[in-house]
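Grab a coffee and work through these exercises with the model open in your viewer. Try each task yourself before reading its solution.

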2 protein chains.
Amino acid sequence: MMIVKKTYKDQVIDHIYQLILTDELQPGDQIKESLLAAQMGISRAPIREALKELMTIGLIEYRPQVGNFVPVLTPKQIVDSYTTRGILEGYAVMAASELFSTEDLIQLDRYVDEMGLAARAGQHKKVVDIGGDFHDFLAAHTDNLQLLEFSGRLSLKLHILFYKHWGLLYKADEIEQRHRAIVDSIRSQDRGRIEQVVRAHYVETGTKIAAVQAARAETAA
Amino acid sequence: MMIVKKTYKDQVIDHIYQLILTDELQPGDQIKESLLAAQMGISRAPIREALKELMTIGLIEYRPQVGNFVPVLTPKQIVDSYTTRGILEGYAVMAASELFSTEDLIQLDRYVDEMGLAARAGQHKKVVDIGGDFHDFLAAHTDNLQLLEFSGRLSLKLHILFYKHWGLLYKADEIEQRHRAIVDSIRSQDRGRIEQVVRAHYVETGTKIAAVQAARAETAA
DNA sequence: TAGATGTCTAATGTCGACAATCGACGCACG
DNA sequence: CGTGCGTCGATTGTCGACATTAGACATCTA
């Protein structure tokens, strides 16, 4: 059995992540240490530890002497985050392209198939999860841990964005085809093409999400 | 005038950075919060804050329930860090290549000239500093703040490595020529070439430093 | 003697309280 | 009526003490 997490800090991290995901904490909100500590029945110390950690992955924005806030992301920042992830993962996949075995490629195909099925069935959460597995599987083939660390730090942030907006992003066929293109590029063993395809995938998704977010902000105003 | 830093946390960060740079803290050493707090005459709280922040830029390695350590970098990790920086900056410069004005390019030339002069004069610290300015100037032209943030998080780490090993890395002519190649690539406005040249620059430097470090580890053993 | 087990110590994890600072409000002044 | 300054409240920054845990050492057992 997997041992459960222990320190309060880790529990606080999960808690805040959930609060953001469920919109109980909305962009622009300040996270008051004392309040959260009281709500969770613990002291401020582990809260602060957790906030520091969330800061490093961009889920919290910190202003010295003022407080911690849920960041308000502009469309440009969204695109930039996705672009950066694409740069990192694009290089990772390109550099490791020779390491993908036939079995690996079949596994990737399987992910794409499942993604298409789930998308057509309207199982949005499943699509998001499989998408995460797909990209984790891609990234896992690199041996550059520094690159992997940065890529990983972006994933929670992007995951939240994607999770909040999936519905309007892609048609089922599109989402399947977009990911299939990545697998195909790896099959081609054309390093330049691989990097370019992965980058384009992220830039495109980021652009769409930014547009959706901008549209929502419009209607809200 | 630039306002001075205020919180203890920031002072602690600088202090630890200096300790590492001067080898008073060596790779593998544990940083004991209580001890450092006593030495600096403050409590453990700001020490912990500083350690968390240093963790995010890779200057401190943290093991839960055990402590904070100065990381022992393997040659591969050194190369990976430089490679990753090259990926990020390579993209940044490439994407912003059209934004470099004639004046900017002249300024870059000036940096390279100064670097060559300082190198020939044996002013190693000056070479390191100008090199930092050069790369900051390059990176400053991108508008992707996410990318810039990651790139910046690597710079302290790489700066320490470079500072500790500069002597054995390049001949004066080489260091000038390596950087000149970057400026030339920007002048060419060949996006593919720009990205490739910047990447190669970092990979090469990282490889050299890793080799130097490996050699030192050898003689020490 | 080799291995497992118990104990101890030193370090991190957490706590509640106090101090310093930022931002907002209201007042005086032009 | 608009602007600048002083006060105030709320929130973060820091503190010292206590709780808990990982690792080292000693002890017990076969």
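**Exercise 1. The surface near strand C**

Which element supplies the largest share of the surface near DNA strand C?

*Solution.* First, the ground rules: this is a predicted model, where local features need pLDDT of at least 70, side-chain atom pairs count only at pLDDT 80 or more, and totals for chains, interfaces and linings use all residues. Residues are numbered from 1 along each chain as its sequence is written, while chains are lettered from A and ligands numbered from 1 in the order in which they are written.

Step 1: collect the residues near the strand (C-beta atom, placed from the backbone, within 6 Å of it). There are 20 around DNA strand C, and A:Y8, A:I42, A:S43, A:Q65 and B:E33 come nearest.

Step 2: sort by element, where helices (H or I, at least four residues) and strands (E, at least two) are DSSP runs numbered from the N terminus. At least two residues each come from α1 and α3 of chain A, and from α2 (33-40) and β3 (67-69) of chain B. The winner is α3(A), with 4 residues.

Step 3: split by class. Ala, Val, Leu, Ile, Met, Phe, Trp, Tyr, Cys and Pro count as nonpolar, Asp, Glu, Lys and Arg as charged, and the others, Gly among them, as polar. The surface near DNA strand C then has 7 nonpolar, 7 polar and 6 charged residues.

**Exercise 2. Over to strand D**

Find the residues that come nearest to DNA strand D, and the elements behind that surface.

*Solution.* Step 1: out of 20 residues around DNA strand D, the nearest are A:G67, B:Y8, B:I42, B:S43 and B:Q65. Step 2: the elements giving two or more residues are α2 (33-40) and β3 (67-69) of chain A, plus α1 (8-21) and α3 (44-56) of chain B. Step 3: α3(B) has the largest share, 4 residues. Step 4: the class split is 7 nonpolar, 8 polar and 5 charged.

**Exercise 3. How the two chains relate**

What rotation superposes chain A on chain B?

*Solution.* Step 1: fit the copies by least squares on the C-alpha atoms of residues with pLDDT of at least 70 in both. You get a rotation of 180 degrees with 0.0 Å of shift along its axis, at an RMSD of 0.1 Å. That's the relation of a two-fold axis.

Step 2: look along the axis. A:T56 is the residue of chain A closest to it, with its C-alpha at 3.1 Å. Both copies use the same surface, as 100% of the contact residues of chain A recur in chain B.

Step 3: list the contacts (C-beta atoms, placed from the backbone, within 7 Å). Here 17 residues of chain A touch 17 residues of chain B. On the chain A side, α3 (44-56), α4 (75-95) and α7 each give two or more residues, and α4(A) gives the most, with 8 residues. That side divides into 7 nonpolar, 8 polar and 2 charged residues.

**Exercise 4. Two helix pairs**

Work out how α7(A) packs on α4(B), then how α5(A) packs on α8(A).

*Solution.* Two packed helices are described by the angle between their axes and the distance between the axes. Axes are lines fitted to C-alpha atoms, for helices over the stretch in contact, and angles run from 0 to 180 degrees between N-to-C directions. Under 35 degrees counts as roughly parallel, over 145 as roughly antiparallel, 65 to 115 as roughly perpendicular, and the rest as oblique.

Step 1: α7 (residues 145-165) of chain A and α4 (residues 75-95) of chain B sit at about 50 degrees, axes 7 Å apart. So α7(A) is oblique to α4(B). A:L145, A:Q146, A:L147 and A:F150 meet B:Q77, B:D80, B:S81 and B:T84, a contact of 3 nonpolar, 4 polar and 1 charged residues.

Step 2: α5 (residues 102-120) and α8 (residues 172-188), both of chain A, pack at about 175 degrees with axes 8 Å apart. They're therefore roughly antiparallel. The residues that α5(A) brings include A:L105 and A:V112, and those they meet in α8(A) include A:I175 and A:V183. This contact has 9 nonpolar, 2 polar and 5 charged residues.

**Exercise 5. A backbone check**

Is A:Q65 buried or exposed?

*Solution.* Step 1: A:Q65 sits in the loop between β2 (61-63) and β3 of chain A. Step 2: its phi is near 65 degrees, a positive value in a residue other than glycine. Step 3: count other C-beta atoms, placed from the backbone, within 10 Å (20 or more is buried, 12 or fewer exposed, in between partly exposed). A:Q65 has 6, so it is exposed.

Conventions:
Contact = placed C-beta atoms within 7 Å.
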